[in-house]
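The following paragraphs lead the reader through a single protein chain, from its overall layout to the contacts of individual side chains. Please keep the sequence and the structure in view while reading.

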Amino acid sequence: MTTRTTSHRRPGPTTTDDLRTELAHLLTQRANLLRRAAKVTTGDLHTAITHELTRTTRHQQQLPHMNRPDLTHHLKHHTRAQQAWTTHGADHLLPEEQRPGPC
């Protein structure tokens, strides 16, 4: 008599397809937000927003070819970037020496 061993999986987005879907959704949200922000800014801030939009667009294009570690890495990066945007606004994209000081 043989016994069958079963693997136990964690609940949540653990499959590569789930990670890809979650990252695709986040990248789409970020790209839309960055496009809107780029329309109403100028100077260094416009440049920083455009640079981040380029990075986001590149990651969207690479998404179908990303392996699991890349998906996890980019999901963490863009989640943190989105949280920073929500907390600090677009200014967080500027180098620290270019950020406006407290009023």
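From the N terminus on, the elements of the protein chain follow the order α-α-α. The model is a predicted one, and its chain contains three helices and zero strands. Helix α1 covers residues 16-39, helix α2 covers residues 43-62, and helix α3 covers residues 68-88. The protein chain has 103 residues, of which 31% count as buried. Taking the contacts between residues at least 6 apart in sequence, 64% join residues at least 24 apart.

The packing of the helices may be considered next. Two packed helices are described by the angle between their axes and the distance between the axes. For α1 and α2, the angle is about 155 degrees and the axes lie 9 Å apart. Angles over 145 degrees count as roughly antiparallel, and α1 and α2 are therefore roughly antiparallel to each other. The crossing in which α1 passes α2 is left-handed. On the side of α1, the contact is made by L27, T28, R30, A31, L34, R35, A37 and A38, and on the side of α2 by H46, I49, T50, E52, L53, T56, H59 and Q60. Sorted by class, the residues of this contact of α1 with α2 are seven nonpolar, six polar and three charged.

Helix α1 also meets helix α3. The axes of α1 and α3 come within 10 Å and cross at roughly 35 degrees. Here, too, α1 passes its partner α3 in a left-handed crossing. The residues of α1 that take part are T16, L19, R20, E22, L23, L26, L27, R30, L33, L34 and A37. They meet R68, L71, T72, H74, L75, H78, T79, A81, Q82 and W85 of α3. In the contact of α1 with α3, eleven residues are nonpolar, six are polar and four are charged.

Two residues of helix α2 give a closer view of these surroundings. The residue T56 is found in α2. T56 counts as buried because its relative accessible area is 0%, where buried means under 20%. Which residues does T56 contact, leaving aside its neighbours within four places in sequence? They are L27, R30, A31, L34 and H78. The C-alpha atoms of T56 and L27 are separated by 6.2 Å, although the two residues stand 29 residues apart along the chain. The second residue, H59, likewise lies in α2. With a relative accessibility of 7%, H59 also counts as buried. When residues up to four places away in sequence are not counted, H59 touches L27, M66, H74 and H78. L27 and H78 thus appear among the contacts of T56 and among those of H59.

The charged side chains complete the picture. Side chains of opposite charge can pair when their charged atoms come close. How many salt bridges does the structure hold? There are three salt bridges. One of them joins the side chains of R20 and D17, with an N to O distance of 3.6 Å. Both R20 and D17 belong to helix α1, where they are three residues apart, about one turn of the helix. D17 counts as exposed because its relative accessibility is 54%, the term being used for values over 50%.

Another salt bridge is formed by the side chains of E52 and R30, at 3.0 Å from N to O. This pair links distant parts of the chain, with E52 in helix α2 and R30 in helix α1, 22 residues apart. Both E52 and R30 are buried, and the relative accessible area of E52 is 6%.

E52 has a further partner, since the side chains of R55 and E52 also meet in a salt bridge, with 3.9 Å from N to O, within the 4 Å that the term allows. R55 and E52 both lie in helix α2, three residues apart, which is about one turn of the helix. Is R55 buried, exposed or partly exposed? At 25% relative accessibility, R55 counts as partly exposed. Together, R30, E52 and R55 are linked in a network of salt bridges. Two members of this network, R30 and E52, also belong to the contact between α1 and α2.

Methods
Residues numbered from 1 in each chain as written. Predicted model: local features only at pLDDT ≥ 70, side-chain atom pairs only at ≥ 80, totals over all residues. Heavy atoms only, no water. Helix = DSSP H or I, 4+ residues; strand = E, 2+ residues; numbered from the N terminus. Buried < 20%, exposed > 50% of the residue type's maximum accessible area, 1.4 Å probe, protein only. Axes fitted to C-alpha atoms, helices over the stretch in contact; angles between N-to-C directions. Parallel < 35°, antiparallel > 145°, perpendicular 65-115°, else oblique. Left-handed = near helix turned anticlockwise from the far one by under 90°. Contact = heavy atoms within 4.5 Å. Nonpolar A, V, L, I, M, F, W, Y, C, P; charged D, E, K, R; others polar.
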